[in-house]
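Here is a short friendly note to read alongside the structure. Take the points in order, with the view open beside you.

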Amino acid sequence: MKIRDVLLSEYGKASSVPSPVNQLMTDFAVGFRDGRDINLGVGYVNERTIPHRHIQHACEKVLAHPEKYRAALNYGGARGSPNLIAALRRFHTENKIGGVTERALKGRDIVIGANGATSLLESVTHLLPAGIVLTADPMYYIYCNDLERKGFKVVAVPEDDEGLDTELLKAKLTALGAESAAIRFFYVVTVNNPTCTILSNNRKRELVDIVTRLSYEVGRKIPLFFDNAYSDLVHDDTVEPLESALCYDELGIVYEVGTLSKILAPGLRIGYLIGSKGSLLDSIVQRTSDIGFSAPLINQEIASYLLDHGIESQIEKVNNGYQQKSKQVKTWIAELLGDNIQECRGGSAGFYFYLTLAGIATGDTSDFFKFLTRTTGQEAVDGPPDAQHPKVIYIPGEHCVHPSGDMVEVGKRQLRISYGFEELPQIHTALKIMKSAIAYSQKIHSF
Ligand SMILES: Cc1ncc(COP(=O)(O)O)c(C=O)c1O
């Protein structure tokens, strides 16, 4: 008898095919040659920014003080470790990092996710009914891809150098007309991934204002999630200090998602959410319980110890490293690719540059991409099959812009490169190879 395959839900079906970026990274990882190939595609932090010894020391302290760090190797609760929550409260208020005031935290809670900020963002997709989500274009493709697999419709609003363009947003909202009743939430990354554009305080304030008005218009609170993944990584001293959107929020619609991944270690998997007490936050806590409780308690206690002991100097160290790299990489980009660059975003925060090339396609099937991944099929370009020339990977812009948004065309000439993971000499080599890839691409097209 013929038997059919496992019956999958719509989400299951959509997830059985890896997302384009996952596929790209997997393909690249399979044949990756350490010390030869260069990965400017991953969002990994730089290994040297991870305070290995401090983490080891914190772990010892936590285990040596069970009176403070109770049962640190046992199950934790769904809300998160009280030590960590208290440490985060202090981190955001007393240390003046993150710009949150004690007043803004009144009536609000901090909850810890099961597995980084990612798990909290994912939880939101289960707790709000499918509908429209507004975000900036280029968008954080990982989360937006998840949203679309779960049946949400992502409406992406192009950004300018201050972040999501609020004039364009207003036009999009007007164009939605009655459909705006289907808006479920806003998702805005304050130092955007992929562009590293910093959302200015003015824009942030305007966004809170727009979503507050919209909430009144539709007669229901529309949550506005700010993803602060990189907000502690502003390493350009000329940038105005970032304010927390919680300070502008009268209606209680702002939720801020934070993570310790970029300032301490992604492997700790500590992400948290700050927002108004109420049904949304309660449902997130229940969801965290459903998927295995908040992050491993030992990690939460280690994180709380590190927040209480020298987090400022750790952040300074991390930012000094990225600042130096950013400056150097920017110079090399100008030197090596300058003639072919129409626009270069990033360099002030986080660890990505987002480039728009003039007349050079960057997508998976482009000559530029094939040259860099050594898949042109020409031995003279790729090198011999058993000893191919170094490969370079980046994220093509076509995966970062919304596929039915306003940036589709320009996205085909864009790319995100990371200066986080690889060290400067490798990045320099990669940029030199990119220069050759541009020349190759131009030569092919001149025929
Ligand atoms: C915008 C954004 N949000 C969230 C995350 C993930 O954070 P976490 O490691 O806490 O899951 C990342 C990681 O790169 C990110 O770029």
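1. Let us start with burial. This is a predicted model, and 56% of the 447 residues of the protein count as buried. The surface that the protein exposes comes to about 20100 Å², and carbon and sulfur atoms supply 53% of that area.

2. Next, the overall form. How does the radius of gyration agree with that of a compact globule? For 447 residues such a globule would have a value near 22 Å, and the protein has 22 Å, so the two agree. Measured out along its principal axes, the C-alpha trace spans about 70 × 65 × 60 Å.

3. Now the building blocks. You will find 16 helices and 14 strands in the protein. Counting contacts in the protein with a separation of 6 or more, 75% are between residues 24 or more positions apart.

4. On to charge. The protein carries 47 positive and 53 negative side chains, and the centres of these two sets lie 3 Å apart. Side chains of opposite charge can pair when their charged atoms come close. The structure holds 20 salt bridges, and the next points visit some of them.

5. A pair to begin with is R33 and D37, whose side chains meet in a salt bridge at 2.7 Å, N to O. Are the two partners buried or exposed? R33 is partly exposed, with a relative accessible area of 23%. D37, in contrast, is buried, at 3%; the cut-off for buried is under 20% relative accessible area.

6. Please look next at D109 and K277, which form a salt bridge of 3.1 Å, N to O. D109 lies in strand β2 (residues 108-112), while K277 sits in the loop between β9 (271-276) and α10 (279-290), so this pair ties together parts that are 168 residues apart in sequence. The relative accessible area of D109 is 19%, and D109 is therefore buried, since the cut-off is under 20%. K277 has 52% and counts as exposed. Which residues join this pair in a network of salt bridges? R79 and D282 are linked with D109 and K277 in that network.

7. Another pair worth finding is D406 and K172, with a salt bridge of 3.0 Å, N to O, between their side chains. It links distant parts of the chain: D406 is in the loop between β13 (395-396) and α15 (408-411), and K172 is in helix α8 (residues 166-176), 234 residues apart. D406 counts as exposed, at 52% relative accessibility.

8. Two peptide bonds deserve a look for their geometry. The bond from D137 to P138 is cis, with omega near -5 degrees, and P138 is placed in the loop between β3 (132-137) and α7 (141-149). N193 and P194 are also joined by a cis peptide bond, here with omega about 25 degrees. P194 belongs to the loop between β6 (183-189) and α9 (201-218).

9. Stay in that loop for a moment. C196 is found there too, between β6 and α9, and its phi is near 65 degrees, a positive value in a residue other than glycine. Is C196 buried or exposed? At 3% relative accessibility, C196 counts as buried.

10. A positive phi turns up at R269 as well, at about 55 degrees, although R269 is not a glycine. R269 is placed in the loop between β8 and β9. With a relative accessible area of 25%, R269 is partly exposed.

11. Finally, a stop at V239. Where is V239 found? V239 lies in the loop between β7 (224-227) and β8 (254-259), and at 23% relative accessibility V239 counts as partly exposed. Leaving aside residues up to four places away in sequence, V239 touches I198, V234 and S348. From V239 to A358 the separation is 119 residues in sequence and 28 Å in space, C-alpha to C-alpha.

How values were computed
Residues are numbered from 1 along each chain as its sequence is written. This is a predicted model: local features need pLDDT of at least 70, side-chain atom pairs count only at pLDDT 80 or more; totals for chains, interfaces and linings use all residues. Side-chain values use heavy atoms; hydrogens and water are left out. Helices (H or I, at least four residues) and strands (E, at least two) are DSSP runs, numbered from the N terminus. The radius of gyration is taken over C-alpha atoms; the globule rule is 2.2 Å times the number of residues to the power 0.38. Buried means under 20% relative accessible area, exposed over 50%, partly exposed in between (1.4 Å probe, protein chains only). Contact means heavy atoms within 4.5 Å. Accessible areas come from the Shrake-Rupley method with a 1.4 Å probe; for residues, only the protein chains shown count as cover. Lys and Arg count as positive and Asp and Glu as negative; His and the chain ends are not counted. The place of a charge is taken as NZ of Lys, CZ of Arg, CG of Asp or CD of Glu. A salt bridge is a side-chain nitrogen of Lys or Arg within 4 Å of a carboxyl oxygen of Asp or Glu.
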